[in-house]
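Student: I would like to learn how to read a structural model step by step, beginning with the chain as a whole and ending with single residues. Could we go through one together?

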Amino acid sequence: MSNRAVAPNMPSPVSLGVNMTNFVPNFINLGVTNYFGIGGGSNAPALFGRNQFQYADDVDIVRGRHHMSFGVDFMALQMEIVNISNANGSWTFNGSLSNSGLADFLLGRPSALTVGNPGETGIREKYWGVYAQDDFQLTKKLNVHLGVRWEPSLPQHDIFGRGSHFDLASFIAGQKTSVYDNAPAGLLFHGDPGIPIAYANGSYNDFAPRIGLAWDPSGTGKESIRASYGIFFDLPESYTNGEFANSAPWGSNISLVAPIGGFANPFLNFPGGNPFPTPIPPTKNVAFAQAGAYINLPLDLHHMYFQQWNLNLQRQLGGNWLAAAAFLGNKATHLRTSLQANPAVYIPGKSTVANTNDRRLLTLLNPVQGAYYSSITQMDDGVNTNYSSLRLSIQHRFANHFTLLSVYTYSHGLADSETIANRLTGIYRQNPYDRNAEYGPCDVDLRHNLVNSFVYESPKFSNRPMNWALGNWKVSFQLTAHSGFVFNTTSGVDNSLTGVGQDRPNVVGNPYVRDTNSLVWLNASAFVANAPGTYGNLGFNALVGPGSFTMDSALSRMFPIHEAHRLELRFEFFNTLNHTNFSNAISNFKSSTFGLIQAASDPRILQFALKYNF
């Protein structure tokens, strides 16, 4: 159980004079792009409770050359949440109205406001896994591993059926739900034909085979060749569908773009005025406010899985050295991202940030029914990623008072969209109609990575005073060097005027300066803002930051006192050489510090420890 609270002297929008409803008296969530933030959604008062029941059993049978394994794993999870979230309003001042986030704030002109009831949810999820595997010795030199695992896809759901499903065909046809009298066309709920309580259908036809080979070509035990291939399913985070709690008619979140009344009176000219609070639980005739924000799942939700394959070669060199080379690859399929399913349509000469909701796709298709929708965050379960790497290593097992391990990895990971981290919130794709435009390096793509570790232990001397002073000391070093991490660059404002907010700028020259003395990493003049109604040509995660070089070291010694009593002395030096490892440059093109390095990793840190063991 986690109970999150805020400072009792924190203001709320109402205490600052805003004409709206606040559900708690001491919380505000307000962000001024490139300047500061107050509160923050992840700091809202909230209560989280999570329980999990698990049963697992495995059986192993050995018959001759066969080692057979069978097992079952069952889990039942539940999560109870009450979250203020957007109940006091989530305010954004991004500079789209006056060209400066700070100026927008001082003028009281928010670029966006999301507001609703407190979010409440009771998530339930079940998992089944059943497997069978046979490891058998085909010959004295060759072992084979065969197995299969059954993992059905059982989507999580809310115990009260919170959530909804938007269907474009139903919207166009004017079809409405039978569950709530006042819901807009196209919005369907559990209880309507074909709408499951999870708002996504599961699947029981999910089998994951795997095979592995281990071969000793010479039969001497000094070399081995191993290869394997397998399919592996994955479970989503248990809070993936948590945003269902914020949709109407429960949370009833609405999204206002550049509200006419500004910060002081956000519901000025809003149809019906301030709609909050709405009744919880909702009645059959509950009112649905205009500009509602919703999330949407595919009804035929695919099970996430990835295929993995590898080839490993190992060879013993002499008595204590081992050299290895390994190739590893994998491909993930049906990972999940989110896109804007109700983007604003750019109309030349008539499009502004302020009229975003009036230009949204559904409003243009049906002005009356479309007015009930603002943002629809649509899950896209068609994301693919691929990864390949070559790993070379040399190892000296502990002998002659030392051990050493050196590993170099060359790798490359690509994805055709940013994936959902833990819940379906936010929009990741700048162009909702083009997933391929997002194809680029993964967030953790690291092309070159070298790790070396070395441990030396001084010998035990026959001379007792010398052994007390110099014997059995351990000296260790770890050296890590890698190329830079990729990062994404955004325009900072909604120049495409689609209401998505993930625009990237255009690149018109060499983007790099890479001067760590002046801390200028990017050439700002090589970028220009994307023109109104267009998307930039810069790819996702297309830029690479500074590399890193770090050496950590330690000196330690264990002093025996008496039988089980020992005294341990340890000196540790992190970033021993005090080498500066710079962070990625500022990536928001709207920022005055765009392209500049503003942070670095820790400097040298020394740590001393003295521990008595008994």
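Tutor: What follows is a walk through this structure, from the overall chain to its empty spaces and then to a few residues.

Student: Before I start, what kind of model is this, and how many helices and strands does the protein chain have?

Tutor: This is a predicted model, and the secondary structure of its protein chain comes to 5 helices and 32 strands. The C-alpha atoms fill a box of roughly 90 × 65 × 55 Å along the principal axes. Of the 614 residues, 44% count as buried, while the chain exposes about 29,700 Å², of which carbon and sulfur atoms supply 58%.

Student: What share of the contacts between residues at least 6 apart in sequence joins residues at least 24 apart?

Tutor: In this chain the share is 70%, counted among the contacts between residues at least 6 apart in sequence.

Student: How does one find empty space in a model, and how much of it lies in the largest pocket?

Tutor: Rolling a probe the size of a water molecule over the atoms shows where empty space is left. Here the largest pocket holds about 1,600 Å³ of space, and its lining is made up of 49 residues, with Thr-92, Thr-114, Thr-425, Gly-426 and Ile-427 lying nearest the centre. By class, that lining divides into 31 polar, 13 nonpolar and 5 charged residues.

Student: Which strands each supply at least two residues of that lining?

Tutor: Strand S6 (90–93), strand S7 (112–115), strand S15 (254–257), strand S16 (292–296) and strand S19 (373–399) each do so for the largest pocket.

Student: What is the volume of the second largest pocket, and which residues lie nearest its centre?

Tutor: The volume of the second largest pocket is about 530 Å³. Its lining consists of 24 residues, and those nearest the centre are Leu-256, Val-257, Ile-260, Ala-354 and Asn-357. In this lining 15 residues are nonpolar, 7 are polar and 2 are charged.

Student: A cavity, as I understand the word, is space from which the probe cannot get out; how many of 30 Å³ or more does the structure hold?

Tutor: The structure holds 4 cavities of that size, and the largest cavity has a volume of about 160 Å³. Among the 20 residues lining the largest cavity, Leu-154, Pro-155, Gln-156, Pro-236 and Arg-336 are the closest to its centre. Strand S8 (residues 119–137) gives the largest share of this lining, 4 residues, and the classes come to 11 nonpolar, 5 polar and 4 charged.

Student: Turning to single residues, is Asn-117 buried or exposed, and what does its side chain meet?

Tutor: Asn-117, in the loop between S7 and S8, is buried because its relative accessible area is 1%, and the cut-off for buried is under 20%. A polar atom of the Asn-117 side chain lies 3.0 Å from the backbone oxygen of Trp-250. Beyond its neighbours within four places in sequence, Asn-117 is in contact with several residues, including Phe-23, Ala-87, Trp-250, Phe-276 and Pro-277.

Student: Where in the chain are there cis peptide bonds before a proline?

Tutor: One is the bond from Ala-248 to Pro-249, with omega near 5 degrees, and Pro-249 lies in the loop between strand S14 (223–233) and S15. Another is the bond from Phe-276 to Pro-277, with omega near 0 degrees, and Pro-277 is found in the loop between S15 and S16.

Student: Which residues other than glycine have a positive phi?

Tutor: Asn-400 is one of them, with phi near 55 degrees, and Asn-575 is another, with phi of about 55 degrees. Asn-400 sits in the loop between S19 and strand S20 (402–415) and counts as exposed at 59% relative accessibility. Asn-575, in the loop between strand S31 (565–574) and strand S32 (605–613), counts as buried at 5%.

Student: To finish, what is the relative accessible area of Leu-213, and which residues is it in contact with?

Tutor: Leu-213, placed in strand S13 (residues 207–215), is partly exposed, with a relative accessible area of 38%. Leaving aside neighbours within four places in sequence, the contacts of Leu-213 are with Asn-143, Val-144, His-145, Ile-225, Arg-226 and Ala-227. The C-alpha atom of Leu-213 is separated by 9.3 Å from that of Tyr-229, which is 16 residues apart from Leu-213 along the chain.

Terms used
Residues are numbered from 1 along each chain as its sequence is written. This is a predicted model: local features need pLDDT of at least 70, side-chain atom pairs count only at pLDDT 80 or more; totals for chains, interfaces and linings use all residues. Side-chain values use heavy atoms; hydrogens and water are left out. On a 1 Å grid over the protein atoms alone, a cavity is a set of points where a 1.4 Å probe fits but cannot get out, and a pocket is an open set with protein on both sides within 12 Å along at least five of seven lines; lining residues have an atom within 4 Å of a point. Grid points are joined across faces, edges and corners, and a volume is the space filled by probe spheres set on the points. Ala, Val, Leu, Ile, Met, Phe, Trp, Tyr, Cys and Pro count as nonpolar, Asp, Glu, Lys and Arg as charged, and the others, Gly among them, as polar. Buried means under 20% relative accessible area, exposed over 50%, partly exposed in between (1.4 Å probe, protein chains only). Contact means heavy atoms within 4.5 Å. Accessible areas come from the Shrake-Rupley method with a 1.4 Å probe; for residues, only the protein chains shown count as cover. A polar contact is a pair of N or O atoms within 3.5 Å; within protein, one must be able to donate a hydrogen and the other to accept it, and residues adjacent in sequence count only if both atoms are side-chain atoms.
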